[in-house]
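Visitor: Please take one part of this model and look at it closely. I should like to follow how that part is placed within the whole.

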Amino acid sequence: MPKTTRLTMAQALIRFMTCQRTKIDGRVVPIFGGVWAIFGHGNVAGLGEALYAVRYKQPTFRAHNEQAMAHAAIAYGKANFRRRFMAVTTSIGPGALNLLTAAGMAYVNRLPVLLLPGDAFANRIPDPVLQQAENFTDGTATVNDCFRPVSRYFDRIVRPEQIIPALNRAMQVLTDPAECGPVTLALCQDVQAEAYDYPESFFEERMWMPRRPRADLGELTVAAEALMAAEKPLIIAGGGVLYSEASAALTNFAEATGIPVCETQAGKSSLPDDHPLNMGAIGVTGTSASNRLAEEADLILAVGTRLQDFTTGSWALFKNDGKTIVGLNVQPFDAHKHRALPLVTDARGGLDELLAALKGYKAPVRWTGKAEKGKTTWQVEADTARASTNAQFPSDAQVIGALDRVFGSYVVLVQAAGSLPGELHKLWKAGRPGSYHVDYGFSTMGYEIAAGLGVKLARPNEQIVIPVGDGSYLMLNSEIATSVMLGLKLTIVVLDNGGFSCINRLQMATGGANFNNLLKDSQHDTLPKIDFAAHAASMGAFSEHVASIAELEAALEKSKVNDRTTVIVIDTDPLVTTEAGGHWWDVVVPEVSSREQVQEARKAYEQAVKQQRVGN
């Protein structure tokens with residue numbers, strides 16, 4: 001008989017987690033970087049006791065909000081290029097449901113996180129238990145069923161032995177480059193505490209290394225032939241380049257072929273900003289250098305990108321009717337998008353194999369020269385937008401310029417939502433891979449500060465800089481206190497523009513009235529005078545309010561020597577944005593309105609949609 005150990009289900013789960021390993025830069029490390037936990041009646045007795053027993057081996061971190069915990073865990077996985085990840089446990093009910101937004105974000109961005117929400121009693125005797133939502137027609141349903149559409153793998157553990165196949169499947173998904181995403185194991189609270197004789201083999205140390213599938217020879221041949229026939233080829237680097245750790249392969253490919261490179265939000269930092277073939281951001285928030293090439297390109301090599309509408313300008317950016325798209329992607333779903341020639345393979349290995357198949361192909365000199373000239377023009381435009389100012393209310397771009405002058409391009413910059421992702425995508429000079437950390441797949445307001453915790457845990461020796469708008473700050477700021485408590489120093493710059501300025505500008509652009517976005521345009525008796533600096537100080541951070549770009553730069557310099565989180569607040573203009581670069585985005589305007597502004601916007605919209613290449 002195989003040797004067994006009697007443990008509770010929760011103890012077995014945590015022991016299994018501590019036995020999973022990976023190897024990074026030749027060093028064997030635990031694949032789980034820790035567990036974020038807020039305990040309640042649905043997990044404190046089971047998982048709480050199990051985590052306490054391994055607290056010196058598998059660290060447990062406490063935060064103030066379940067969504068924030070999951071953001072931190074997801075950011076940790078992203079900062080580790082999906083090679084390591086974390087788990088999150090909550091109680092049943094509202095604690096569990098607070099994870100849903102983060103689960104959606106991880107699902108969209110294909111990022112690994114193990115979610116362990118408590119669940120109702122499997123034996124159904126305390127029915128309904130506190131915080132249980134009763135379904136009148138389905139006795140098996142709980143609120144955790146909401147996780148099914150935003151989990152790559154979902155399971156509900158109603159017997160202690162079920163954790164064995166469930167955890168094996170979970171690890172397959174968390175480490176698979178094509179399937180990667182959130183895993184939810186809903187843990188019935190009585191089952192967490194039930195014992196079972198688990199086989200010792202279940203707890204044997206296991207090494208998980210990234211799978212790098214090779215290209216199909218037929219697909220490789222077709223892709224290479226298409227590239228060699230191209231006169232105006234262009235590479236789009238997506239997040240898959242970073243997750244595959246393929247930056248060196250991309251650099252080698254671009255330099256060998258002379259093909260210019262554009263970067264998506266997820267792919268930004270794949271090449272250093274100062275590389276002569278890096279044209280920068282592409283699409284709705286793209287540079288003029290990238291977008292002019294994209295309009296003409298006759299072949300687009302889309303590497304590790306899901307080609308979302310911000311990248312393609314809602315499929316109006318690629319104007320060459322004779323273009324060919326090659327989808328180099330580890331996920332067939334993405335490789336086949338928009339009638340692309342699929343090349344299903346790992347980004348790093350695929351680029352190397354494709355380069356070998358090109359037999360010395362070089363892009364025409366006139367095309368490469370046009371790219372280089374376009375980059376020079378863009379750099380002038382960007383420097384103008386980022387330049388210092390004495391204006392009372394500077395623009396986001398001018399704040400970005402200050403950050404760049406003080407910190408340079410080698411800090412890790414964290415952002416997610418509002419006006420800043422668009423400006424940063426265009427204007428931030430990313431240095432090494434992973435130094436630009438932005439969620440724009442889900443554009444999750446409230447991600448930024450919590451994510452900074454995860455990035456800092458993943459990269460403890462890095463300077464983590466978080467520019468964040470006042471709207472996002474107000475949604476989820478409590479983890480400033482957590483950063484102080486854990487000694488995880490962050491530098492946070494709050495751009496106070498009086499509300500949701502990004503959506504306000506979009507509202508104006510589609511003919512809408514200024515309504516319910518900026519605080520002054522919302523229903524109110526009196527406008528709140530929020531002292532963000534005092535608020536941050538109350539949570540233990542160094543903080544100050546600055547009145548100019550010059551004062552901001554001085555405060556940023558001081559923050560370098562602070563021994564804990566620093567929050568700097570600056571008032572900014574809600575209406576000014578960088579006019580250079582960019583592209584149209586499909587945001588529908590009402591067909592019927594009594595307002596002339598909307599009627600005019602509708603006419604412009606109807607003209608713009610004619611530029612879309614539907615299905616191509």
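Guide: Two strands are said to pair if DSSP finds at least two bridges between them; strands (E, at least two residues) and helices (H or I, at least four) are DSSP runs, numbered from the N terminus. The model is predicted, with local features requiring pLDDT of at least 70 and side-chain atom pairs pLDDT 80 or more, while totals for chains, interfaces and linings use all residues. Residues are numbered from 1 along each chain as its sequence is written, and side-chain values use heavy atoms, leaving out hydrogens and water.

The setting comes before the detail. The protein chain holds 24 helices and 23 strands. Its radius of gyration (over C-alpha atoms) is 25 Å, close to the 25 Å that the globule rule (2.2 Å times the number of residues to the power 0.38) gives for 616 residues, so the chain is as compact as a globular protein of that length. The C-alpha trace spans about 70 × 65 × 55 Å along the principal axes. Of the 616 residues, 59% count as buried, meaning under 20% relative accessible area with a 1.4 Å probe, protein chains only. Contacts (heavy atoms within 4.5 Å) are often far-reaching in sequence: among those between residues at least 6 apart, 77% join residues at least 24 apart.

The part chosen here is strand β9, residues 182–188. Because 7 of its 7 residues are buried, β9 is largely enclosed by the rest of the structure. Pro182, Thr184, Ala186 and Cys188 point one way from the strand, and Val183, Leu185 and Leu187 point the other way; all of them are buried.

Two strands pair with β9. With β7 the sense is parallel, over 5 bridges, and Leu114 stands opposite Val183. Strand β8, residues 153–157, also pairs with β9 in the parallel sense over 5 bridges; there Tyr153 has Val183 as its bridge partner. Val183 of β9 is thus named in both pairings, opposite Leu114 and as partner of Tyr153.

A helix also meets this strand. Helix α5, residues 100–109, is mostly covered, with 7 of its 10 residues buried: Ala102, Ala103, Gly104, Met105, Ala106, Val108 and Asn109. These buried residues pack against β9 and β7 (113–119), and also against the helices α3 (66–79), α9 (239–243) and α18 (447–458). After α5 comes Arg110, whose phi is positive, near 60 degrees.

Methods: Buried means under 20% relative accessible area, exposed over 50%, partly exposed in between (1.4 Å probe, protein chains only).
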